[in-house]
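Work through the exercises below with the model on screen. Try each task before reading its solution.

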Amino acid sequence: MAVAFTQEQRDEIQRKLIEAGFELSSTIGFKKMTIAKITEAAGVAIGSFYIFYDSKENFAKALIGEMEARSMCKLTALLSNDGTITVKEFLDWYRDYYRPENNFLLRIRLEDWIWLKSHITDGTYFESGKDTDRITKILPCITGIRKDIDIGIVINFIKAIYAIYQNRETFFEASLQKNVDLIFDTIYCYVREDTE
């Protein structure tokens with residue numbers, strides 16, 4: 001017999017599943033994550049998982065979507081009254097987003113990236129066109145940005161950050177965040193409007 005949950009209970013179950021997914025993606029990874037492990041970590045019944053997600057792949061998309069939604073809430077809070085943000089403020093927000101504690105995708109292993117890319121093939125993520133769409137939507141809000149910006153250069157810098165973290169075992173771990181900060185300094189030098 002199916003259990004009827006109140007909206008409040010549904011919200012709480014979904015929150016527990018998402019938080020469990022963030023934790024498990026960092027500890028055991030997507031490849032080894034099972035629905036049973038997700039629900040056990042969340043403290044809910046396996047059937048509760050299927051109220052929200054029909055597969056582990058859709059759950060992975062939900063995790064990425066939740067991370068992006070949280071980040072966009074932070075960005076929205078930073079916008080001025082006219083809906084804009086300076087290029088420096090924007091890149092400070094973006095830099096914060098690309099810290100492992102704020103972006104679970106920076107904590108996963110290369111094998112989990114491969115799993116994600118081979119299982120999420122519907123064009124939602126991992127395609128250059130989607131990356132371009134995301135940045136193009138944000139650009140009109142940024143003041144002080146150069147007019148002739150090549151979005152591909154910015155996207156490639158961001159993808160380089162992911163590549164660094166995917167291969168972190170071959171880098172000097174203590175220097176990784178400084179490397180990422182230097183990439184953001186380079187992005188800032190590239191995208192800002194030349195006022196001299």
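Buried means under 20% relative accessible area, exposed over 50%, and partly exposed in between (1.4 Å probe, protein chains only). This is a predicted model: local features need pLDDT of at least 70, side-chain atom pairs count only at pLDDT 80 or more, and totals for chains, interfaces and linings use all residues. Residues are numbered from 1 along each chain as its sequence is written, and side-chain values use heavy atoms, leaving out hydrogens and water.

**Exercise 1.** Place aspartate 181: which helix holds it, and is it buried or exposed?

Solution.
- Aspartate 181 sits in helix H9, residues 176-191. Helices are DSSP runs of H or I with at least four residues, strands runs of E with at least two, numbered from the N terminus.
- Its relative accessibility is 16%, so aspartate 181 is buried.
- Aspartate 181 touches Arg95 and Arg99, leaving aside residues up to four places away in sequence. Contact means heavy atoms within 4.5 Å.

**Exercise 2.** Count the disulfides, then check cysteine 73.

Solution.
- A disulfide is a pair of cysteine sulfur atoms within 2.5 Å.
- The count is zero. For cysteine 73, the nearest cysteine sulfur belongs to cysteine 141, 15 Å away.
- Cysteine 73 has a relative accessible area of 56%, so this residue is exposed.

**Exercise 3.** Describe the whole protein: what is the order of its elements?

Solution.
- The protein has nine helices and two strands.
- From the N terminus the order is α-α-α-α-β-α-α-α-β-α-α.
- The C-alpha trace spans about 70 × 45 × 30 Å along its principal axes.
- Of the 196 residues, 39% are buried.
- Among contacts with a separation of 6 or more, 68% join residues 24 or more positions apart.
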